[in-house]
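Trainee: Could we go through this one together, a bit at a time? I'd like to see how you reason from the structure.

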Amino acid sequence: MSQEKRTSADFFKQVFGRTVNVKLHNRTEYIGVLAALDGNMNLVLEQCEEYLEQKLINKYGQILLRGNNVLYISAKFNQKQSQEEEV
């Protein structure tokens, strides 16, 4: 594991165009492909699914999430993807 300092910008560069999990303050979760992001942390997700308490609620082609509602954003990477990106 590298000891370099990483910023949030580094994270977003890494996950742009990939599947992310976004949890809102109201406990709703959205899983979709990160398509756009602005300076206010407003997000556009494509191929998005909405979950509440781990139950699928709805599917959307594209959705806009306001940045002030976002609790966290996470992404899952397998080991092979991480190694390819470091090269």
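Mentor: Sure, and keep in mind that this is a predicted model. Let's start with a charged pair: the side chains of Arg27 and Glu53 form a salt bridge, 3.4 Å from N to O.

Trainee: How many residues apart in sequence are the parts that Arg27 and Glu53 tie together?

Mentor: Look at where each one sits. Arg27 is in the loop between β1 and β2, while Glu53 is in the loop between β3 and β4. So the pair ties together parts whose separation in sequence is 26 residues.

Trainee: And which strands does the salt bridge of Glu49 and Lys59 link?

Mentor: These two side chains meet at 3.9 Å, N to O. They're ten residues apart, and the pair links distant parts of the chain: strand β3 for Glu49 and, for Lys59, strand β4.

Trainee: Is Lys59 buried or exposed?

Mentor: Exposed means over 50% relative accessible area. Lys59 has 55% relative accessibility, so Lys59 counts as exposed.

Trainee: What kind of pair do the rings of Phe11 and Phe12 make?

Mentor: There's one aromatic pair here. The ring centres of Phe11 and Phe12 are 5.2 Å apart, with the planes at 70°. Planes over 60 degrees apart get their own label, so this pair is edge-to-face.

Trainee: Which residues have the most contacts inside the largest nonpolar core?

Mentor: That core has 14 residues. Helix α1 and strands β1 to β5 each supply at least two of them. Leu65, for one, is in contact with residues including Tyr30 and Met41. The residues with the most contacts inside the core are Val22, Leu45 and Leu65.

Methods:
Residues are numbered from 1 along each chain as its sequence is written. This is a predicted model: local features need pLDDT of at least 70, side-chain atom pairs count only at pLDDT 80 or more; totals for chains, interfaces and linings use all residues. Side-chain values use heavy atoms; hydrogens and water are left out. Rings of Phe, Tyr and Trp (its six-membered ring) pair if their centres lie within 6.5 Å; planes under 30 degrees apart count as stacked, over 60 as edge-to-face and the rest as tilted. A nonpolar core is a set of buried Ala, Val, Leu, Ile, Met, Phe, Trp, Tyr and Cys residues joined through side-chain atoms within 4.5 Å. Buried means under 20% relative accessible area, exposed over 50%, partly exposed in between (1.4 Å probe, protein chains only). Helices (H or I, at least four residues) and strands (E, at least two) are DSSP runs, numbered from the N terminus. Contact means heavy atoms within 4.5 Å. A salt bridge is a side-chain nitrogen of Lys or Arg within 4 Å of a carboxyl oxygen of Asp or Glu. Lists of a residue's contacts leave out its neighbours within four places in sequence.
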